[in-house]
Amino acid sequence: MDERRPSVVERYVEWCRRNPVVVDAVLAVLVALIGIALARSAYSPRVQWDQSTVVAVVAAAPIVLRRRFPLPSAIVTAVIAAVALSVIGVRGLELPVLIMGYSVVVYGPRWAGPLMAGVMLFGGVLPFAVRGGGAGAPAGVLVFMVVVSVLVALCVWLAGALRRARRRSVEQLRERARLLEEGRRQEVRLELLAERARISREVHDVVAHSLSGIIAQADGGQYAATRDPGRAVDVLAGIATTGREALNDVRGLLDMLRDTAPVDDTADGGPQPGADDVPALVEQVRAGGLPVTFGTSGTPATLTTGAGLAVYRVVQEALTNVVKHAGPSTPARVGMDWGRDELTVEIRDDGASGPRPTPPRGGHGLVGMRERAALHGGSVETGPNTGGGFTVRMRLPYARTDRTVRT
C-alpha cells in the first residue's frame, strides 16, 4: 500500500474544501428537515404544520450563501426568526440562527462578530419574553433556560472566533509558502541567469577570441604570402593550432552542458587554465605571429581557480584585441606584478603597424573583462596610451585563501 496516497477521509475533506456551496446546500436541507420535524412534533393543528414548514424552509435557505454573503444571510435569517416568533408564533428556529451567527463570526467582517454575539444573546432571551414568563413556569426554570441560551450563544461565538483565528493562521501560512515558493523561483531564475552569463563569457572567450585570432592571422598570412612564403607557412601552422585548441575548448563546454555532465564547473574533463598558464598563452600567441614579450615581478601567490581563470581570460582577450584592432605585427608586452596585497596584470601594445585587419563590428570584450574581475573583487582599466597604442590593466586583490607566506 502506498503511504503517500491520501485516505478516504482526506479525499472527502479535500472534496468538501473544493465544493463549499454543495456542502452548504446539503447543510441547509438538513437544517430545514430538522426544523420541520421539530415544528410538527410541537404543534398539532394542520394550519400550524403548514406555517412551520414554510418558515423552517425559508429560514434554512440563506445557509447556502453563508460563506459568500455571511452578513446579509444572517440578517435575513434573524429577521425571519424574529417575525416567526413574535407574529406567527412559530418556534424551533434556534438552529439556523446559531449556524448563521457562527458563519458571521468566521467569514464576516471583524466588527460583525461582537454584533452577532449580541443578537444571539437577545435571541436567547426573546422567546421567554414573548411567552410572558413561561405561562406559570417556575422562576428558577426560566432563569436556567435563559442562562443556557446565553451560554449556547457565547459558545457559538467563541467557536466562530477560534475558527476565524485558525483560518487567518492557515491563510498566513499559505501566503508565506507562496512567498517562499516565489523566492525559490527567483533564486532559481537568478542562478540560471548567472549560469547563462558564465557560459556566455566562456563561449565568447573560447570561440570569439579564437575565431578573431584566426581571421587576423589569415589576413596577415595573405600579406606575408606575397613577400615571405616561409612566414606564411608559420602563420598557417598557428591558425591550425588555434583552431584545434578552440575545438577542444568547445567540446569541453558542450560536455559541461550535457545532462550527464558534472555540476561543478571545474570538473568538465580537464583543469581550467590559470595565472600559471599565462606564459604558455603568450608563447602560443607569439608562435601565431604577434611579437609579444612577457615579464613578471614579485613572489607569485596561489590564486583560487576562479581568480586564476579570470587572469588568463583577461590576458587572452587583451592579446586577441591587439591582433584584431592593431594588427598581427604590432609589438605588445604582458607584465604581471605580484604585489603585497594584489596582483597587477598589464597588457600594452605600441599601436598599429603593418597591415591592419578590419575587426568585426560590435563585441563585449571589455565588458567581459570588467565582469570577470568584479566577480573576484578586482577591476580593469582600459585606455589609449599617450604615445600611441592601448593598455589594459587588471588589479586583482588576493583573497584570504590566495595569500602565501613570502620570504
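# A conversation about a predicted model

Visitor: Which residues make the nonpolar surface patch?

Guide: A nonpolar patch of about 850 Å² on the surface is formed by Val 9, Tyr 12, Val 13, Trp 15, Val 22, Val 26, Val 29, Leu 30 and Leu 33. Please keep in mind that the model is predicted.

Visitor: Which helices supply at least two residues of that patch each?

Guide: Helix 1 (8-18) and helix 2 (20-42) each do so. Helix 2 gives the most, with 5 residues.

Visitor: And Tyr 12, is that one buried or exposed?

Guide: Tyr 12, which is found in helix 1, counts as exposed because its relative accessibility is 54%, and the cut-off for exposed is over 50%.

Visitor: Stepping back, how many helices and strands does the protein chain have?

Guide: The chain has 11 helices and 5 strands. Of its 407 residues, 34% are buried. The chain exposes about 24200 Å², and carbon and sulfur atoms supply 62% of that area.

Visitor: What share of the contacts comes from residues 24 or more positions apart?

Guide: Among contacts with a separation of 6 or more, residues 24 or more positions apart account for 69%.

Visitor: Let me pick a helix. What is the reach of helix 5 from its first C-alpha to its last?

Guide: Helix 5 covers residues 94-107, which is 14 residues, and reaches 20 Å. That is close to the 20 Å expected at 1.5 Å a residue.

Visitor: How many of its residues are buried?

Guide: In helix 5, 10 of the 14 residues are buried, so the helix is mostly covered. The buried residues include Pro 96, Ile 99, Met 100 and Tyr 107.

Visitor: New topic: how many salt bridges are there?

Guide: The count comes to 14 salt bridges. Side chains of opposite charge can pair when their charged atoms come close.

Visitor: Which residue meets Arg 67 in a salt bridge?

Guide: The partner of Arg 67 is Asp 24, at 2.8 Å from N to O. Arg 67 is in the loop between helix 3 (46-60) and helix 4 (70-88), while Asp 24 is in helix 2, so the salt bridge ties together parts that are 43 residues apart in sequence.

Visitor: What is the relative accessible area of each partner?

Guide: Arg 67 has 30% and is partly exposed. Asp 24 has 1% and is buried.

Visitor: How many residues apart are Arg 184 and Glu 181?

Guide: Arg 184 and Glu 181 are 3 residues apart in helix 7 (residues 139-225), which means that about one helical turn separates them. An α-helix has 3.6 residues a turn, so residues three or four places apart point the same way. Arg 184 and Glu 181 form a salt bridge, with the closest N and O atoms 2.7 Å apart. Arg 184 is partly exposed at 43%, and Glu 181 is partly exposed at 30%.

Visitor: With which residue does Asp 350 form a salt bridge?

Guide: Asp 350 pairs with Arg 333, and their closest N and O atoms are 3.6 Å apart. The pair links distant parts of the chain, 17 residues apart: Asp 350 is in the loop between strand 3 (342-349) and helix 11 (365-375), and Arg 333 is in strand 2 (residues 332-338). Asp 350 is partly exposed at 40%, as is Arg 333 at 38%.

Visitor: Which residues are joined into one network by salt bridges that share partners?

Guide: Glu 346, Arg 348, Glu 381 and Arg 393 are joined in that way.

Visitor: Where is Gly 388, and how far is it from Asp 350?

Guide: Gly 388 is in the loop between strand 4 (379-384) and strand 5. Gly 388 and Asp 350 are 38 residues apart in sequence and 6.0 Å apart in space, C-alpha to C-alpha. Leaving aside neighbours within four places in sequence, Gly 388 is in contact with Asp 349, Asp 350 and Gly 351. At 32% relative accessibility, Gly 388 counts as partly exposed.

Visitor: Last one: is Thr 391 buried or exposed?

Guide: Thr 391, in strand 5 (residues 390-397), has a relative accessible area of 6%, so it is buried. A polar contact of 2.3 Å joins the side chains of Thr 391 and Asn 385. Not counting residues up to four places away in sequence, Thr 391 touches several residues, among them Glu 346, Arg 348 and Glu 381, which also belong to the salt-bridge network.

Definitions and conventions
Residues are numbered from 1 along each chain as its sequence is written. This is a predicted model: local features need pLDDT of at least 70, side-chain atom pairs count only at pLDDT 80 or more; totals for chains, interfaces and linings use all residues. Side-chain values use heavy atoms; hydrogens and water are left out. Helices (H or I, at least four residues) and strands (E, at least two) are DSSP runs, numbered from the N terminus. The expected span of a helix is 1.5 Å times one less than its number of residues. Buried means under 20% relative accessible area, exposed over 50%, partly exposed in between (1.4 Å probe, protein chains only). Patches are made of residues with over 30% relative accessible area and no salt bridge: like charges are joined within 9 Å, nonpolar side chains (Val, Leu, Ile, Met, Phe, Trp, Tyr) within 5 Å. Accessible areas come from the Shrake-Rupley method with a 1.4 Å probe; for residues, only the protein chains shown count as cover. A salt bridge is a side-chain nitrogen of Lys or Arg within 4 Å of a carboxyl oxygen of Asp or Glu. A polar contact is a pair of N or O atoms within 3.5 Å; within protein, one must be able to donate a hydrogen and the other to accept it, and residues adjacent in sequence count only if both atoms are side-chain atoms. Contact means heavy atoms within 4.5 Å.
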